[in-house]
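Let's take a walk through a protein model together. Keep the picture open beside you and look things up as we go.

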Amino acid sequence: MSLLHDLTQSGRLWSASDWRMARVHAAPSGYAALDAELPGGGWPLGAVTEILYARPGQGELRLLLPYLATLSQEDRRWQVWFNPPYQPHAPGLAHWGLDLSRLLLCQAPRQDDLLWSLERCLSTGGCQAVIAWVDRLDNAHMRRLQLAAESNRLPVFLLRPERWRDRASIAALRLQVCADQANRVRLHILKRRAGWPLNNLPVTIPLQPDGACLYG
């Protein structure tokens, strides 16, 4: 029993019946309803999070903005966004509280270039977080990203089309965002460490004034 205790205390073993006690390094998302359902009480650090959506603009980016804004204010390293689907609107991002002087926007349309760039961002010590809009990304690439995130204790967010929902993934956390009302989304937690999936979690997200964010 001591081995089981040691593994549980170190965060290497989780019990689905006691997932709220799991030792998971996490940061608050800015949404209390979501944090209450995530091990560690927020976005996992040193891990890959996948957020799936039917089409851009269903709230998937607004779901991340409170945390990304706080991180950009507290950490002087770079926050790197890869392949955003639309041109960012700087005043809008500033409205959400992002420190634009810490934000890098990159385009890497080829998968090999994207993977290389993501791994460099995670390994150089100069980044606070990495966000990438991606489509196809095989399990070998995902595993490399997860290992790089773990080694450097950095959060990685992959925003992907929902057609990848039924594909196996080694991401620590997988969410599907579904539009509900203007200021609310429904979240399906497809995968979370130490816990069962959860469907139809309502989360209220701020409405965006005209031009007040990137797109979502």
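Which residues line the second largest pocket? Before you hunt for them, keep in mind that this is a predicted model. The lining is made up of Glu50, Arg136, Leu137, Asp138, Asn139, Met142, Arg160, Trp164, Arg167, Ala168, Ser169 and Arg174. Sort them by class and you get six charged, four nonpolar and two polar residues. As for the space inside, the second largest pocket holds about 160 Å³.

Now for the sheet. Eight strands come together in an open sheet, and reading across you meet them in the order E5-E4-E6-E7-E3-E8-E9-E10. The pairing is mixed. What does that word refer to? In a sheet, strands pair through backbone hydrogen bonds, and they can do this either parallel or antiparallel. At the edges stand E5 (103-106) and E10 (198-204); each has a single partner strand, so one side of each has no neighbour in the sheet. From one strand to the next, the twist averages 20 degrees.

Let's look at a parallel pair. Strand E3, residues 47-53, runs parallel to strand E7, residues 155-161, and seven bridges join them. To spot one of these on your screen, find Val48, whose bridge partner in E7 is Val156. Packed on the sheet here is helix H6 (residues 139-152), which touches both E3 and E7. The direction of H6 makes about 130 degrees with that of E3.

Next, move along to the antiparallel part. Strand E8 (residues 173-181) and strand E9 (residues 184-192) run antiparallel, with eight bridges between them. Leu175 is a handy landmark, since you'll find it opposite Ile189 in E9. How many residues sit between E8 and E9 in their hairpin? There are two.

E9 also pairs with E10, again in the antiparallel sense, this time over five bridges. Here Arg184 has Thr204 of E10 as its bridge partner. E9 and E10 form a hairpin as well, with five residues between the strands, and in it Ala194 takes a positive phi near 70 degrees.

One last stop: the enclosed space. The structure holds one cavity of 30 Å³ or more, and the largest cavity has a volume of about 50 Å³. Around it you'll find Val24, Leu38, Pro39, Gly42, Pro44, Ala172, Leu173, Arg192 and Arg193. Of these lining residues, six are nonpolar, two are charged and one is polar.

Key:
Residues numbered from 1 in each chain as written. Predicted model: local features only at pLDDT ≥ 70, side-chain atom pairs only at ≥ 80, totals over all residues. Heavy atoms only, no water. 1 Å grid on protein atoms, 1.4 Å probe; cavity = no way out; pocket = protein on both sides within 12 Å on 5 of 7 lines; lining within 4 Å. Points joined across faces, edges and corners; volume = space filled by probe spheres on them. Nonpolar A, V, L, I, M, F, W, Y, C, P; charged D, E, K, R; others polar. Pairing = 2+ DSSP bridges. Helix = DSSP H or I, 4+ residues; strand = E, 2+ residues; numbered from the N terminus. Axes fitted to C-alpha atoms, helices over the stretch in contact; angles between N-to-C directions. Contact = heavy atoms within 4.5 Å.
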